[in-house]
Amino acid sequence: LKQDRESVLAAVKQNGHALEFAAAELKQDKEIVLAAVQQNGQVLKYAADELKRDRHIVSAAMQENPYALAYAAELSQSDEAIILAFFRFKYRHING
């Protein structure tokens with residue numbers, strides 16, 4: 001099942017952590033990774049490195065959990081828009 005694209009897609013929509021057990025090639029599949037990080041931003045850590053640099057994937061992960069930034073590739077961590085989104089979250093969190 002971990003190699004069947006449709007099964008993995010359905011699984012990550014229910015529980016993003018299913019991405020951890022997906023076949024390597026499915027961790028490179030943008031649709032699967034996007035569905036997983038929308039369900040649980042922290043699973044960005046299981047995505048293929050190339051998707052950890054993808055602004056759309058990283059932004060979606062951070063919308064679900066801003067701390068997913070820790071799993072983004074270095075290039076994404078220096079992206080102004082992504083960093084700004086993180087600090088907006090922190091500001092709102094601190095100021096209630």
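This text goes through the predicted model from its overall make-up to its core, one helix pair and one residue.

The protein chain contains six helices and zero strands. Read from the N terminus, its elements follow the order α-α-α-α-α-α. The chain has 96 residues, and 44% of them count as buried. Among contacts in the protein chain with a separation of 6 or more, 34% are between residues 24 or more positions apart.

Next comes the core. In soluble globular proteins, nonpolar side chains tend to be buried together. Here the largest nonpolar core consists of 27 residues. V12, L19, I32, V33, V37, L44 and I57 are the residues with the most contacts inside this core. At least two core residues come from each of helix 1 (5–14), helix 2 (30–39), helix 4 (55–64) and helix 6 (80–94). Helix 2 provides the largest share of the core, with six residues.

V12 can serve as a view into this core, being one of the residues with the most contacts inside it. When neighbours within four places in sequence are left aside, V12 is in contact with A18, L19, I32, A35, A36 and Q39. Two of the names in that list, L19 and I32, are also among the core residues with the most contacts.

Helix 2 also takes part in a contact with helix 4. Two packed helices are described by the angle between their axes and the distance between the axes. For helix 2 and helix 4, the axes come within 7 Å and cross at roughly 20°. Angles under 35 degrees count as roughly parallel, and helix 2 and helix 4 are therefore roughly parallel to each other. Their crossing is right-handed. On the helix 2 side, the residues of the contact are K30, V33, L34, V37, Q38 and Q39, and they meet H56, I57, A60, A61 and E64 of helix 4. By type, the residues of this contact divide into six nonpolar, three polar and two charged. V33, V37 and I57 belong to this contact, and V33, V37 and I57 are also listed among the residues with the most contacts inside the core.

The last stop is S59, which lies in helix 4. Is S59 buried, partly exposed or exposed? Its relative accessible area is 28%. Buried means under 20% and exposed over 50%, so S59 is partly exposed. S59 and L34 are 25 residues apart along the chain, and their C-alpha atoms are separated by 9.9 Å. L34 is one of the helix 2 residues in the contact with helix 4.

Key. Residues numbered from 1 in each chain as written. Predicted model: local features only at pLDDT ≥ 70, side-chain atom pairs only at ≥ 80, totals over all residues. Heavy atoms only, no water. Core = buried A, V, L, I, M, F, W, Y, C linked by side-chain atoms within 4.5 Å. Buried < 20%, exposed > 50% of the residue type's maximum accessible area, 1.4 Å probe, protein only. Helix = DSSP H or I, 4+ residues; strand = E, 2+ residues; numbered from the N terminus. Contact = heavy atoms within 4.5 Å. Axes fitted to C-alpha atoms, helices over the stretch in contact; angles between N-to-C directions. Parallel < 35°, antiparallel > 145°, perpendicular 65-115°, else oblique. Left-handed = near helix turned anticlockwise from the far one by under 90°. Nonpolar A, V, L, I, M, F, W, Y, C, P; charged D, E, K, R; others polar.
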